[in-house]
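Student: Could you take me through one part of this model closely? I would like to follow how the helices pack and what surrounds them.

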Amino acid sequence: MEEGTSKSPSNCASTVDYGDADPFQWDTREDCEVRQILDRVADKWSLLVIALLENRRLRFTELRREIDGVSQRMLTVTLRQLERDGLVKRTVHPVVPPRVEYELTPLGGTLHATIQSLVTWTEEHQGEIAAARAAYDARETEAASA
């Protein structure tokens with residue numbers, strides 16, 4: 001189980017079912033499995049790993065070098081979780097010292113396409129988001145000084 005993930009689905013059972021229009025409909029499912037999957041694939045480290053593994057294999061050290069700020073432990077945990085979910089394949093080559101490579105599975109490749117759409121959207125709208133943030137910050141600063 002992922003660190004910080006509650007073992008009890010009690011918070012899922014209390015969610016009201018509003019039908020298909022409810023954006024939180026996954027919370028009503030047993031053990032919130034859809035929510036857990038979304039939490040996993042939307043994690044910043046997972047997103048970066050999936051993006052880096054597009055159409056290539058990388059060793060752990062190569063991934064760690066490419067992902068600014070990730071600790072060895074966090075990258076290990078992320079890779080294990082992605083492997084467990086069937087998104088990343090880990091291959092151990094029988095050499096000394098052992099050489100371990102990671103690559104996306106076909107399922108992981110389908111997720112990469114979805115992530116790429118999100119990245120494209122972000123790139124197209126980053127100016128609007130920056131302007132909205134600046135306007136918000138200006139209003140907050142003005143309200144604080146009033």
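Tutor: Happy to. Axes here are lines fitted to C-alpha atoms, for helices over the stretch in contact, and angles run from 0 to 180 degrees between N-to-C directions. Please keep in mind that this is a predicted model.

With that in hand, look at α3 and α6: their axes come within 10 Å and cross at roughly 105°. Because angles of 65 to 115 degrees count as roughly perpendicular, α3 is roughly perpendicular to α6. On the α3 side, the contact is made by Leu47, Ile50 and Ala51, and these meet Gly108, Leu111, His112 and Ile115 of α6. Sorted by character, the residues of this contact comprise 5 nonpolar and 2 polar, with no charged ones.

Now turn to the largest nonpolar core, which has 21 residues; those touching the most other members are Val49, Leu53, Leu63, Ile67, Leu75, Leu79 and Tyr102. At least two residues of this core come from each of α3 (44–52), α4 (60–66), α5 (72–84), β3 (99–104) and α6 (106–145). The most come from α3, which gives 4 residues. Ile67 is a good place to pause: setting aside neighbours within four places in sequence, Ile67 is in contact with Trp45, Leu48, Val49, Leu52 and Leu75.

Tyr102 leads us on to the strands, as Tyr102 in β3 is the bridge partner of Arg90. Strand β2 (residues 88–93) pairs with β3 in the antiparallel sense over 6 bridges, and a hairpin of 5 residues joins β2 to β3.

How values were computed
Residues are numbered from 1 along each chain as its sequence is written. This is a predicted model: local features need pLDDT of at least 70, side-chain atom pairs count only at pLDDT 80 or more; totals for chains, interfaces and linings use all residues. Side-chain values use heavy atoms; hydrogens and water are left out. A nonpolar core is a set of buried Ala, Val, Leu, Ile, Met, Phe, Trp, Tyr and Cys residues joined through side-chain atoms within 4.5 Å. Buried means under 20% relative accessible area, exposed over 50%, partly exposed in between (1.4 Å probe, protein chains only). Contact means heavy atoms within 4.5 Å. Angles under 35 degrees count as roughly parallel, over 145 as roughly antiparallel, 65 to 115 as roughly perpendicular and the rest as oblique. Ala, Val, Leu, Ile, Met, Phe, Trp, Tyr, Cys and Pro count as nonpolar, Asp, Glu, Lys and Arg as charged, and the others, Gly among them, as polar. Two strands pair if DSSP finds at least two bridges between them.
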